[in-house]
Every structure is written in C-alpha cells, then in structure tokens.
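The following exercises concern helix packing, salt bridges and solvent accessibility. Each task is followed by a solution that proceeds step by step.

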Amino acid sequence: MSTAVLSVRLPEELKRRLDDLGSRTGRPATFYVRQAVESYIDDLEYAYALKAEAEAVRRDEIKTRRLDEIAAALGLDA
C-alpha cells in the first residue's frame, strides 16, 4: 500500500492525548490518527452524499414519490 503525507494541526490537548496513548501502547500517534480517519470517513462520505441528494430534491432535480403512492404501488395500502 502506498502512502501519502498529510499535515494536520491539532489542539495541544488532543495531541497530548494521542502522544500519551502512543506511549502507553508503544504505537505512534499517527497510527491512531489513521485509524480514526479510516473508521470515520465512510460516515462522512455518506452524510455528505445524503446532504447533496436532499439539496437536489429541494431543487427539483430528483423525482420523489409520496409514501402513500409507494405503499399503493407495492399493494400495501390497506
């Protein structure tokens, strides 16, 4: 796996906590930063995709259907 360098400014308290965690576990702070980004990036991408889709709906760029129409189409209207 190739890697790239990213420089990030962190509040001093957060950097201290990362360094302390690294000291306790024998891993570098960058390990935990990478782990945090990897675990959170999917959620961020999903949230921004939903936001973009909602904005497209508001601009009438995406056709929507009412829930009762969908229920009727599926034969769920009782």
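**Exercise 1: A residue in a loop**

Aspartate 60 is found in the loop between H2 and helix H3 (67–73). Helices here are DSSP runs of H or I with at least four residues, strands are runs of E with at least two, and both are numbered from the N terminus. The model is predicted: local features need pLDDT of at least 70 and side-chain atom pairs count only at pLDDT 80 or more, while totals for chains, interfaces and linings use all residues. Residues are numbered from 1 along each chain as its sequence is written, and side-chain values use heavy atoms, with hydrogens and water left out.

Task. Determine whether aspartate 60 is buried or exposed, and state the sign of its phi.

Solution. Step 1: apply the accessibility classes, in which buried means under 20% relative accessible area, exposed over 50%, and partly exposed in between (1.4 Å probe, protein chains only). Step 2: with a relative accessible area of 69%, aspartate 60 is therefore exposed. Step 3: the phi of aspartate 60 is positive, at about 65°, although this residue is not a glycine.

**Exercise 2: The packing of H1 and H2**

Task. Describe how the axes of H1 and H2 are arranged, and identify which residues of the two helices meet.

Solution. Step 1: helix H1 covers residues 12–25 and helix H2 residues 29–58; their axes come within 8 Å and cross at roughly 110°. Axes are lines fitted to C-alpha atoms, for helices over the stretch in contact, and angles run from 0 to 180 degrees between N-to-C directions.

Step 2: classify the angle. Under 35 degrees counts as roughly parallel, over 145 as roughly antiparallel, 65 to 115 as roughly perpendicular and the rest as oblique. H1 and H2 are therefore roughly perpendicular to each other.

Step 3: list the contacts, meaning heavy atoms within 4.5 Å. From H1, Leu18, Asp19, Leu21, Gly22 and Thr25 meet Ala29, Tyr32 and Val33 of H2. The residues of this contact comprise five nonpolar, two polar and one charged. In this scheme Ala, Val, Leu, Ile, Met, Phe, Trp, Tyr, Cys and Pro count as nonpolar, Asp, Glu, Lys and Arg as charged, and the others, Gly among them, as polar.

**Exercise 3: Salt bridges**

Task. State how many salt bridges the structure holds, and give the N to O distance for lysine 15 and aspartate 19.

Solution. Step 1: a salt bridge requires a side-chain nitrogen of Lys or Arg within 4 Å of a carboxyl oxygen of Asp or Glu. The structure holds seven of them.

Step 2: in H1, the side chains of lysine 15 and aspartate 19 form one at 2.6 Å, N to O. These two residues are four apart in helix H1, which means a separation of about one helical turn. Lysine 15 is partly exposed at 38% relative accessibility, as is aspartate 19 at 33%.

Step 3: in H2, glutamate 55 pairs with lysine 51, the closest N and O atoms being 3.4 Å apart. Again, about one helical turn separates the partners, because they are four residues apart in helix H2. Glutamate 55 is partly exposed at 30%, and lysine 51 is partly exposed at 47%.

Step 4: arginine 66 forms a salt bridge with aspartate 68, with closest N and O atoms 3.1 Å apart. Here arginine 66 is exposed, at 52%, whereas aspartate 68 is partly exposed, at 45%.

Step 5: Glu13, Arg16 and Asp20 are linked in a network of salt bridges.
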